[in-house]
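User: I have a model open and would like to understand the words used to describe it. Could you take me through the reasoning?

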Amino acid sequence: MEKVTVRLKERSYDICIGGNMLKAVGSRLSSLGATRVSVISNPMVFKLYGKAVLNSIARSGFDASSVIIPDGERYKNLKTIENIYGELLRKRLDRKSALIALGGGVIGDITGFAASTYMRGIDSIQIPTTLLAQVDSSVGGKTGVNHRLGKNMIGTFYQPRLVWIDIDTLKTLPKRELLAGLAEVIKYGVISDAKLFRFLEDNTEKILGLDKKALGYIIRRSCEIKADVVSKDEREAGLRAILNY
């Protein structure tokens with residue numbers, strides 16, 4: 001496992017990257033102080049990885065539950081958030097509870113927003129399962145939902161307590177989604193790191209073939225670049241705009 005730290009003083013947190021990580025997430029959560037944990041996911045991702053995450057959490061002594069929401073950008077709205085609040089209240093999650101986002105960028109944005117507003121803010125943990133979410137949306141604390149008049153118009157800056165990246169989840173990712181994430185990695189090379197850009201040129205086949213060493217390098221380096229930018233400009237007052245390319 002490799003670790004990258006987003007340095008924001010008392011709100012600093014780690015991005016942990018490696019293979020076969022889902023079964024170990026429960027032991028890491030023990031240090032965060034939560035009592036109850038609820039996993040937010042969609043049907044497809046939860047079917048693939050939900051059991052592994054819930055079992056790991058339960059083995060570490062947490063009261064574990066799940067909230068499954070429909071898949072897709074069109075469900076990234078306040079109605080979905082209201083439904084999540086209802087489920088959390090029925091499950092009696094309190095201010096010492098935590099939410100885990102298990103999925104891609106939509107799940108991460110929704111879960112982060114729900115965590116930032118439920119009982120005025122509870123802990124959130126990101127477990128991104130797409131390359132795009134692993135190198136971008138799970139890191140940096142931007143949360144939000146869409147409004148009929150604009151995308152991501154309602155949201156908060158709310159940093160997670162932990163980002164837990166399991167490279168093995170990319171094995172079930174459609175090639176189109178892998179390429180979408182790779183485009184984001186190319187952006188990091190262009191704006192910040194010529195060495196990373198050359199690595200992408202020289203190792204395209206390995207990356208598309210899901211070589212763990214190659215994937216681990218590009219994910220870690222992308223997270224390092226984003227962590228550095230976010231640490232300097234958390235709320236996009238200036239420098240962070242470079243991440244929008």
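Analyst: Happy to; we can go term by term, from the sheet to the helices and one loop residue.

Analyst: This is a predicted model, so local features need pLDDT of at least 70 and side-chain atom pairs count only at pLDDT 80 or more, while totals for chains, interfaces and linings use all residues. Residues are numbered from 1 along each chain as its sequence is written, and side-chain values use heavy atoms, with hydrogens and water left out.

User: How do you know that strand 1 and strand 2 pair?

Analyst: Two strands pair if DSSP finds at least two bridges between them. Strand 1 and strand 2 (residues 13–18) are joined by 5 bridges and run antiparallel, so they meet that rule. Glutamate 2 stands opposite isoleucine 17 of strand 2. Strands here are DSSP runs of E, at least two residues, and helices are runs of H or I, at least four, numbered from the N terminus.

User: What makes strand 1 and strand 4 edge strands?

Analyst: Each of them pairs on one side only. They belong to an open sheet of 7 strands with mixed pairing, in the order 1-2-9-6-5-3-4.

User: Why are helix 3 and helix 4 called oblique?

Analyst: Helix 3 (residues 78–90) and helix 4 (residues 105–117) pack at about 55 degrees, with axes 10 Å apart. Angles run from 0 to 180 degrees between N-to-C directions, and axes are lines fitted to C-alpha atoms, for helices over the stretch in contact. Under 35 degrees counts as roughly parallel, over 145 as roughly antiparallel, 65 to 115 as roughly perpendicular, and the rest as oblique. The helix 3 and helix 4 pair is therefore oblique.

User: Which residues make that contact?

Analyst: Contact means heavy atoms within 4.5 Å. Helix 3 contributes Leu78, Thr80, Ile81, Ile84 and Tyr85, and helix 4 contributes Ile110, Phe113, Ala114 and Thr117.

User: Why are helix 6 and helix 7 oblique to each other?

Analyst: Helix 6 (residues 175–192) and helix 7 (residues 194–202) pack at about 140 degrees, with axes 6 Å apart. That angle falls in none of the three named ranges, so the pair is oblique.

User: Is serine 31 buried or exposed, and how do you know?

Analyst: Buried means under 20% relative accessible area, exposed over 50%, and partly exposed in between (1.4 Å probe, protein chains only). Serine 31 has 53% relative accessibility, so it counts as exposed. Serine 31 lies in the loop between helix 1 (25–29) and strand 3 (36–41).
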